[in-house]
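Colleague: I've got a model open and I'd like to learn how to read it. Can you walk me through a few features?

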Amino acid sequence: MRPLLLGALPCVLAAQAPPLSFDDILSRARSGPAQYRAEALLAERHRALAGTGGFLREGPALALSAGPRAQPSAPTFTDRAVEVDLPLFLSPGVRRRLEAALGEADPLLRSAGGIEARFQLRRAYLDAWLAERLLHLRERDLATVETWLQAARARLEAGADPAFQAALVEGELLRAQGDLDEARQQRAAAWAALRHLAEVPAAPAPLTEPGDPPGGFPDGLRARYEAGTLRRALLAQADLEQQALRHQEALAASRWSLRGSYAREGEERVGRVGLAYRFARPGEAAALRRETEAALQAGRREGELALEELDARFQAAMARLPAAPPRAFAAFDPALQAVELRLREGRERPSEALPIRRQLLDVQAAAYRRLRTAHLLSAELQALTEGVTP
């Protein structure tokens, strides 16, 4: 018997494991693609900035050549030459503006990525919790209909009800089974979405109740939103992209280089220092200006569109502010039990009880959805206004 008890121990421990709270899931969060893209963008801009350190357009080129002299009279001499090419970047103002824009955007983009990732995780947690609640609701509903079917068959055998009353309950049983299958699929999809964002178990696990939603919101949400991290990050990113394009244009237009060489030819030593200029091909400068201006216009439009979408998101959240927080539908179980009792006592027939049962189910499901919506609204407003000290 001891091996049996030891083998059953993991199952018992798993069954007794406490439900996962949002804080538990948050501690297991994964970095999302948007955060990695922001990190890659910042790394690219830092690399471009580092490539024009000082007055250099890029790293210096060093060349070394050596070889014996071809004169028969001096076979032991070897000629050596060292050449250095320093591409010059003569636009320090452009580099300073890019450095300032990068210094402003770097912390904002990182912070905004974390805020948005936490909001998406909160949404996935609420979706998984709602799917779990609806699944349990459908499971209980199926058990209720099975009980009603037994009562309807008993009344049919006793001659108290006609045959179609039992047939109605049998049809409702098929409907309940289909609703349960759909609820299972929805919970599996919601859990997969949550697992994509956090290190949670492969199989769906119980989740804690989100609790009561906030009863009210502070004043000045508009001002807090306009000074919030998400909006400031969009503005900083737009400025960073503009300065990066100007920096790229200055790099492409840089044509001066500082060159130096030192050579030994037999007993002679020769050193040279000079400047080199690369001439542009016909139409190259005009094409570069057109390309930069078009990219700047596209970047400005994309930045305006992103800002408009964020503003619309805030406006939609403000429009959904509830007048009063949602309340749980506490009368569901007593009402369902009262209908079942009346059905058993013959005071209600299945044709009369089934529509009442469907209404009660719809109300209970609506209460769960309303609670999820209230919590999601609170999380979204918090994300949109985060970054400002109240």
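Modeller: Sure. Let's start with a term: helices here are DSSP runs of at least four residues, numbered from the N terminus. Keep in mind that this is a predicted model.

Colleague: Okay, which helix does Ser351 lie in?

Modeller: Ser351 belongs to helix H10, which covers residues 350-385.

Colleague: And is Ser351 buried, exposed or partly exposed?

Modeller: Partly exposed counts as anything between 20% and 50% relative accessible area. Ser351 comes out at 32%, so it falls in that class. As for neighbours, leaving out residues up to four places away in sequence, Ser351 touches Gln165 and Leu168. Ala166 is 185 residues from Ser351 along the sequence, yet their C-alpha atoms are 9.2 Å apart.

Colleague: How do I read two helices packing, say H8 and H10?

Modeller: Two packed helices are described by the angle between their axes and the distance between those axes. For H8 (residues 284-319) and H10, the angle is about 140 degrees and the axes are 10 Å apart. The two are therefore oblique to each other. H8 passes H10 in a left-handed crossing.

Colleague: Which residues make the contact?

Modeller: H8 brings Leu310, Arg313, Phe314, Ala317 and Met318, while H10 brings Leu377, Glu380, Leu381 and Leu384. By type, that's 7 nonpolar, no polar and 2 charged.

Colleague: What about the nonpolar core?

Modeller: In soluble globular proteins, nonpolar side chains tend to be buried together. Here the largest nonpolar core has 70 residues, and Ile25, Trp191, Leu194 and Leu207 touch the most other members. Helix H4 (residues 92-157) supplies the largest share, 25 residues.

Terms used. Residues numbered from 1 in each chain as written. Predicted model: local features only at pLDDT ≥ 70, side-chain atom pairs only at ≥ 80, totals over all residues. Heavy atoms only, no water. Core = buried A, V, L, I, M, F, W, Y, C linked by side-chain atoms within 4.5 Å. Buried < 20%, exposed > 50% of the residue type's maximum accessible area, 1.4 Å probe, protein only. Contact = heavy atoms within 4.5 Å. Axes fitted to C-alpha atoms, helices over the stretch in contact; angles between N-to-C directions. Parallel < 35°, antiparallel > 145°, perpendicular 65-115°, else oblique. Left-handed = near helix turned anticlockwise from the far one by under 90°. Nonpolar A, V, L, I, M, F, W, Y, C, P; charged D, E, K, R; others polar.
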